[in-house]
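Me: I am new to this structure and would like to understand why certain words are used for its parts. Could you take me through the reasoning step by step?

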Amino acid sequence: MIWSRLRRGRSTPGLPLPGVCGHRRHTLRTARLLLYTPETKLDLAAALASASDPEAQRWLGWGQGVLTDPRTREALLQLRPGDAASRVKSREVRRLLADLYEPGPDDGEILIGVRLDDGRYAGATQFDPGTAEIGGHLAPHARGQGLGAELFAAAALLAHAHLGIRTVRAGHEPANTASGRSLTAAGFVPTAGPPHHTLPDGREIEARWLQHTSPTPTTRCRGAAPAEGQ
């Protein structure tokens with residue numbers, strides 16, 4: 001993409017412009033979502049807020065680090081990446097907006113999802129190059145609308161067409177039928193995998209696994225390289 005720090009200053013971060021991806025920075029667009037590598041710490045805070053509610057944590061089990069205050073979560077999810085700092089009253093939000101995000105050498109790939117209809121933060125998806133596994137979540141206002149399929153399809157496209165990964169996997173708890181339907185709608189098919197999975201908070205759950213394969217993976221982005229063994 002054209003990562004538009006030259007187009008806009010820190011105080012007015014609009015949405016990224018689709019285009020050629022730069023090293024470790026990607027952008028994708030689906031029918032209803034724009035997904036891009038975080039640019040500011042506000043992007044990351046909003047992604048955290050979108051999955052910190054009890055319903056999401058029932059399945060994700062992050063344990064420490066979630067935003068427990070519902071008012072804080074809602075305040076973050078009312079924001080848009082394109083909101084100018086001059087229109088944001090909170091000093092903490094303005095600090096997050098001004099603090100740029102730089103991917104670390106050991107970080108996985110994360111894409112922030114934004115709704116195209118109203119510009120609000122909608123969730124995020126992650127890809128772990130070490131395991132070739134994806135994950136993702138949607139904000140409460142974005143659930144139940146078929147956006148999960150677009151989110152997971154974008155994660156698969158990132159791996160196949162940007163990072164040169166042939167096969168990606170995703171797991172979900174059998175009772176989490178919404179995730180199962182979204183993955184299936186995104187083109188994932190059942191595959192073998194460990195019957196149990198331990199969540200970050202220590203809970204052990206049953207697991208079902210699916211995979212998505214591309215016959216022609218490529219490294220479309222500058223600086224991207226396929227993971228070893230993929």
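Reply: Let us begin with strand β2, residues 33–36, in what is a predicted model. Both faces of this strand are covered, with L33 and L35 buried on one side and L34 and Y36 buried on the other.

Me: What makes a residue such as L33 or Y36 count as buried?

Reply: The word applies to a residue with under 20% relative accessible area, and L33, L34, L35 and Y36 of β2 are all placed in that class.

Me: How do you know that β1 and β2 pair?

Reply: Pairing requires at least two bridges between the strands, and strand β1 (residues 27–29) and β2 have 3 bridges in the antiparallel sense, so the requirement is met. R29 stands opposite L34 in β2, and the two strands form a hairpin with 3 residues between them.

Me: What joins β2 to β3, and which residue is the bridge partner of L33?

Reply: β2 and strand β3 (residues 109–115) run antiparallel and are joined by 4 bridges, and the partner of L33 in β3 is R115.

Me: Why are α1 and α3 called oblique to each other?

Reply: Helix α1 (residues 41–49) and helix α3 (residues 70–77) pack at an angle of about 125°, with their axes 9 Å apart. Roughly perpendicular covers 65 to 115 degrees and roughly antiparallel begins over 145, so an angle of about 125° falls in neither class and the helices are oblique. The contact is made by L42, A45, A46 and A49 of α1 together with R73, L76 and L77 of α3, and by class it has 6 nonpolar, no polar and 1 charged residues.

Technical notes
Residues are numbered from 1 along each chain as its sequence is written. This is a predicted model: local features need pLDDT of at least 70, side-chain atom pairs count only at pLDDT 80 or more; totals for chains, interfaces and linings use all residues. Side-chain values use heavy atoms; hydrogens and water are left out. Axes are lines fitted to C-alpha atoms, for helices over the stretch in contact, and angles run from 0 to 180 degrees between N-to-C directions. Angles under 35 degrees count as roughly parallel, over 145 as roughly antiparallel, 65 to 115 as roughly perpendicular and the rest as oblique. Contact means heavy atoms within 4.5 Å. Ala, Val, Leu, Ile, Met, Phe, Trp, Tyr, Cys and Pro count as nonpolar, Asp, Glu, Lys and Arg as charged, and the others, Gly among them, as polar. Buried means under 20% relative accessible area, exposed over 50%, partly exposed in between (1.4 Å probe, protein chains only).
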